[in-house]
Structures are given as C-alpha cells and as structure tokens.
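Trainee: Can you walk me through this model? I'd like to start with one residue and work outwards.
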Amino acid sequence: MMTLLADLVGVREVRSLIALYAVAAVLEGVTLALLIPFLRAFLDDSGAGAGGWLVALCATGVAFLVLQSAAMVRSYRISVYDVCDALIVRIADRVLELPLGWFTAEREARIASAVSREINTLSHIASIVLPNIISALGVPAVMLIAVALVDWTLAAVMLIAVLPLAWIWARMRRAATEASEIETAAATGAAGRLIEYARLQPVLRATGLTRRGWASLDDALAEEDVAVRRALTVKGRPAMGFTLVLYATFAALIALGLAHVLDRRLDAVAYLAVMVITARMLGPLTQAVLFSSEIHNAAVALRAIHSIVFAEPLPEPEPAEAREPAGTEVAFSGVRFGYDPAAPVLDGVDFTAPAGTMTALVGPSGSGKSTILRLIGRFWDVDAGAVTVGGVDVREIPTRRLMELTSMVFQDVYLFDTTIRENVRLARPGATDAELDAAARAARLDQVIEALPDGWDTQVGQGGLKLSGGERQRVSIARAFVKDAPILLLDEITSALDGENEAAITSVMRELTRGRTVFLVAHRLSTVRDADQILVLQPDPSGAARIAERGTPAGLIAAGGRYAEFAEASSAAGRWRFGE
C-alpha cells in the first residue's frame with residue numbers, strides 16, 4: 001500500500017510523515033516507561049531521585065507532544081492538498097487525456113467512486129489511521145523493552161503473545177483486502193448498472209420493466225449485498241480473535257505479576273505501574289484492528305485510483321514528430337478494427353472523403369457506421385490500416401489538435417446542469433455573446449430561448465432534462481456552430497425526434513454542413529439525400545463490415561442495389577397515411 005500511496009502522493013512526503021510518527025511513538029513509549037522508575041522513587045520512603053525522573057518524564061513528554069503536533073500538521077496538509085485536492089486534479093487531468101473509447105458505464109462509475117468514496121477513504125489515512133496504527137504498535141514495542149528491564153518473565157509473556165497476534169494480523173490483512181476488493185468491485189458494478197438504468201429509462205418504461213424490475217440491476221444489487229455481508233464476516237472474525245488474545249495476555253500478566261509480588265520477586269509499586277501502563281495499551285491495540293481495516297480499504301482505494309491515474313492513453317506523437325494536416329480530406333486505407341481484436345467490426349474498409357464534401361454512412365444496425373465516426377475522432381486506434389486527415393495519419397496528429405479540427409453531434413445529447421448560455425459556450429469558452437446569438441439563430445435555438453422565461457440564463461437541469469429532445473439537440477448543434485470546426489461528425493441526430501423537430505434539424509443541418517467535411521450516419525432518406533457520396537456498409541458472415549456500395553444518391557438508386565431498396569422502403573413509409 002505504501003508503494004501505491006507514494007506513487008500518488010510522493011515518496012518523500014510519505015516517508016517523512018511515517019518517520020515523524022515513528023519517532024513520536026517511541027517518545028510516547030519512553031514517557032510511559034519512565035513512569036515505572038519515577039513511581040518507584042516517588043513512593044519510596046526517602047523519595048530520593050524522584051525529581052530527576054520527573055524532569056526526564058516531562059522532557060520526553062514535551063518532546064512527544066511537539067513532534068506529534070508537527071506530524072499532525074503535516075498530515076493535515078497531505079490529507080487536504082496532496083490527497084483531496086491533488087488526487088482529484090490528477091484524476092481529472094488523466095480523464096482528459098484518455099481516449100473517448102475508454103469510457104464505459106462501468107468506468108464512469110469507477111471515476112465517480114474514485115473522486116468521492118475512494119478519496120474520502122484516503123483522506124483519513126495520513127491524519128487518523130497512520131498515527132493510530134504506528135502508535136498502537138510502536139508504544140508496546142518500547143514497553144516490552146521497559147518491562148524486560150523490570151521483570152523478564154512478564155516481558156516473555158508479552159513476547160509470546162506477539163506470535164499469535166502477528167499471525168492473526170497477517171491473516172486479517174489478506175482476507176480483508178480480498179473482501180474489500182470484492183466489495184468495491186461489486187459496488188462499482190452496481191453503480192455502473194444504476195447509470196445504465198438511468199440512461200435506459202425511456203426503454204424500460206415503454207416496456208414496463210420499471211414495474212417488474214430490471215434483472216441486470218437486481219442481480220448487481222444482490223451481488224453487492226452479498227459482497228458487503230461477506231466483507232463484514234471476513235473482517236469481523238479475525239478482529240474478535242485479535243481482541244481475545246490481547247485480553248488473555250493481559251489476564252496472564254496480572255496473574256503472573258501478582259504471583260511475583262506475593263513471592264517478593266517484584267515490588268508492588270513496579271507491579272501496579274506495569275499493569276496500569278499495560279492496561280493503557282489495550283485500548284489503542286484493540287482500536288488498531290479497526291484501523292487496520294481502514295488500511296485494507298485504503299489499499300483497495302489506492303488500486304482503484306491507480307488504475308485511473310496510470311491508465312494508458314493512446315500514444316501521442318513526440319512534438320518533433322507531430323504533423324499538421326494539409327486540409328480536411330479524410331481517408332480510410334485498409335482499416336480493420338474490433339473492440340475485441342479477435343472479432344473485427346470493420347475489415348478492409350477503404351474510402352476517401354474529399355474536403356468540403358458530405359459523406360453519408362448507411363447500413364443495418366451493427367454494421368460499424370458509428371464506429372467509423374469514432375475512428376475519425378480517434379476514440380480508438382485501428383488494428384490494421386490507417387485513418388488519415390489531410391493526408392496525415394491521425395496517430396501522428398496530437399489529440400488536442402485533432403479535437404480542434406472536429407465537431408461531434410450525437411443522438412444522445414448530455415447537457416451540464418447549468419444555463420443554456422454556458423452549455424453552448426462550452427464549445428469555445430472565449431466565445432462572445434454576439435457569437436452565441438449568431439450560433440443560436442443558425443441552430444434555430446433562438447426560438448427556444450425566446451420562449452423561456454429566463455432566456456439564455458435558463459437552468460437546463462442535470463443532463464438537460466428540463467429541455468425536450470429536440471431542444472437539447474439544438475443546443476448541441478449550436479455548440480458545433482460556435483466551435484466552427486472544419487470536420488463535422490453527425491451520428492443519428494434526428495432518429496429520436498418527432499416530425500416537426502426532425503424537419504427543423506434537417507433544415508439546420510444544410511447550413512451547418514456548408515463548407516465543411518461532413519460525415520453523417522442516418523437511417524432516414526431525408527437526411528442523406530443531399531450527400532455528395534454514400535457508403536453502404538454490410539457485415540459479412542463473420543460479422544465484420546465492409547463497404548458494399550458507394551456513389552451518389554441518384555447513382556445508387558439507379559444501380560438498384562441495397563441503397564435503392566433502402567430508398568424505396570423509406571419512400572413507401574413516407575406515403576403511409578392513417579385512414580379517416
């Protein structure tokens with residue numbers, strides 16, 4: 001765990017803090033040990049030497065308090081700045097570097113858990129858990145030496161007890177760490193399912209599954225419940241054994257010490273002092289078991305954060321090797337790609353989209369249309385072949401520059417829980433209000449804004465739930481106008497809209513695509529008829545899609561192939577009318 005913590009916080013900070021706590025624990029133990037000779041001298045009839053022991057006792061006590069205070073101040077700084085603040089920033093920075101294809105519902109849940117649950121767990125390590133653990137183990141070690149100087153048989157009993165305590169501690173550490181990992185994995189899985197459940201509400205409500213329950217979510221929650229119960233059991237049994245050994249050892253010390261007092265091998269003052277100090281150690285040692293569980297939880301939390309902070313982003317070109325695209329022509333050359341390399345989604349895909357043209361992607365569901373758009377944006381790297389923009393392989397273009405060249409508008413629009421103004425300005429934070437107004441007019445968003453009481457300052461709610469699907473889509477298109485990127489990727493942006501909104505968005509698209517290199521995925525004839533070229537994708541028996549047809553809309557209809565069938569089916573559907 002210390003290695004993981006040092007990777008995330010800093011080796012020097014961690015080592016210096018542990019050293020401070022260790023020295024403070026030794027001073028605390030020495031202070032308690034000095035009580036034995038002080039009480040012997042103080043309660044002696046002559047009282048000789050009590051003053052010297054008192055000075056030594058006070059000196060070590062003050063030194064302990066000063067050092068412990070310094071360690072606590074440093075621990076608070078580590079907890080607040082190096083853990084709560086710096087780790088959240090590191091997670092955010094890494095998230096910005098990771099390819100968009102890395103993000104899934106489970107990984108999104110892992111990120112949410114990391115910046116809340118995991119960070120909260122780690123925030124207590126430096127300031128609460130480490131000082132208590134080090135003190136609970138360090139002080140008894142010093143006391144063992146002190147007791148050995150008083151009576152070696154009592155020290156022998158304490159030393160013998162170390163063996164079963166160490167064995168139980170090691171067993172508890174392994175079992176608790178494993179249980180915490182299972183518990184965290186189950187919690188993350190359940191959180192991922194909850195995210196999916198929220199996203200799938202329209203489908204689930206339409207099918208009535210919200211009344212009957214969604215089996216996938218129910219199973220995930222049940223698995224989490226089992227994991228929590230198992231974790232409590234696994235952590236609880238060794239803790240009970242540890243406590244039992246502690247109190248059995250204390251009982252043995254009382255009995256053996258009393259026997260030595262009766263045999264006059266040990267004076268009563270020393271016996272009482274040893275018993276009082278030993279009893280003083282029982283509480284911290286018992287609590288150490290509880291804090292050890294936090295150590296195990298922290299180890300699991302560190303691994304979870306480590307998996308995000310050290311997740312490998314896609315390779316970036318070195319500054320000296322980075323290349324600038326010469327234009328916005330997009331080409332695929334022998335592209336093969338699969339989310340699982342053994343099961344390619346695309347295989348042997350070749351095409352060229354000249355700069356300033358619109359390319360429509362048509363094909364059945366699962367034929368890789370959206371995947372092509374995401375490969376242009378370099379959500380992932382291809383398994384074979386190359387994707388080029390302006391004659392340059394996207395792997396040789398810095399990700400930041402590639403993102404500057406592309407705008408993406410997808411079917412599922414997510415808006416931040418802020419105003420319409422800030423959601424549109426997100427595309428270019430430096431955009432002026434005049435530029436926002438121009439983008440709103442171009443996207444037909446101005447009509448929506450004028451109808452709202454607060455206009456631009458309307459709060460859209462989490463995910464934009466206070467706006468309709470068509471209104472959210474117009475906000476997304478306004479973002480694209482504000483960004484004004486030369487390459488535009490449109491993925492099913494009208495498929496979930498009603499006829500009125502579809503007509504409005506289709507009209508906006510003609511203006512949005514003017515002068516840009518556009519890729520459009522659509523299942524409706526009305527949105528692809530203006531394309532300069534159409535690529536018809538068709539999966540082969542293995543599931544890998546290839547380009548089955550390509551050409552202009554008129555040419556493909558005249559050829560009488562798959563696109564012609566699609567056009568005829570769309571036209572027939574458009575002629576449907578309800579009878580009176």
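Trainee: Where is Thr-121 found?
Mentor: Thr-121 sits in helix α5. Keep in mind that this is a predicted model.
Trainee: Buried or exposed, and why?
Mentor: Thr-121 counts as buried, because its relative accessibility is 14% and the cut-off for buried is under 20%.
Trainee: What is Thr-121 in contact with, leaving aside neighbours within four places in sequence?
Mentor: Glu-294, Asn-297, Ala-298 and Ala-301.
Trainee: Let's move to the nonpolar cores. How many residues are in the largest one?
Mentor: It has 64 residues. Tyr-21, Ile-91, Leu-122, Ile-133, Met-143, Phe-242 and Ile-305 touch the most other members.
Trainee: Which helices each supply at least two residues of this core?
Mentor: They are α2 (11-33), α4 (50-97), α5 (105-123), α6 (125-150), α7 (152-199), α10 (215-262) and α11 (268-309). The largest share, 19 residues, comes from α11.
Trainee: And which domains does this core draw at least three residues from?
Mentor: Domain 1 (1-151 + 293-313) and domain 2 (152-265) each give at least three.
Trainee: Back to Met-143. What does Met-143 touch, not counting residues up to four places away in sequence?
Mentor: Met-143 touches Gly-29, Leu-32, Ala-33, Ile-277 and Met-281.
Trainee: What about the second core, which residues does it include?
Mentor: That core is separate and has 43 residues. Among them are Ala-443, Val-460, Val-475 and Ala-478.
Trainee: Now the surface. Which residues form a nonpolar patch there?
Mentor: Tyr-414, Phe-416 and Leu-426 form one. Together they have about 330 Å² of accessible area.
Trainee: Where is Phe-416 found?
Mentor: Phe-416 is in the loop between β6 (406-410) and α14 (420-425).
Trainee: Why does Phe-416 count as partly exposed?
Mentor: Because its relative accessibility is 46%. Partly exposed lies between the buried cut-off, under 20%, and the exposed one, over 50%.
Trainee: Zooming out, how many helices and strands does the protein chain have?
Mentor: The chain has 20 helices and ten strands.
Trainee: How much of the chain counts as buried?
Mentor: Of its 580 residues, 46% count as buried.
Trainee: And what is the accessible surface of the chain?
Mentor: About 28400 Å², with 59% of that belonging to carbon and sulfur atoms.
Trainee: Last one, on contacts between residues at least 6 apart in sequence. What share join residues at least 24 apart?
Mentor: In this protein chain, 76% of those contacts do.

Methods
Residues numbered from 1 in each chain as written. Predicted model: local features only at pLDDT ≥ 70, side-chain atom pairs only at ≥ 80, totals over all residues. Heavy atoms only, no water. Core = buried A, V, L, I, M, F, W, Y, C linked by side-chain atoms within 4.5 Å. Buried < 20%, exposed > 50% of the residue type's maximum accessible area, 1.4 Å probe, protein only. Helix = DSSP H or I, 4+ residues; strand = E, 2+ residues; numbered from the N terminus. Domains from an automatic or database assignment. Contact = heavy atoms within 4.5 Å. Patch = residues over 30% accessible without salt bridge, like charges linked within 9 Å, V, L, I, M, F, W, Y side chains within 5 Å. Areas by Shrake-Rupley, 256 points an atom, 1.4 Å probe, with all protein chains shown as cover. Salt bridge = Lys/Arg side-chain N within 4 Å of Asp/Glu carboxyl O.
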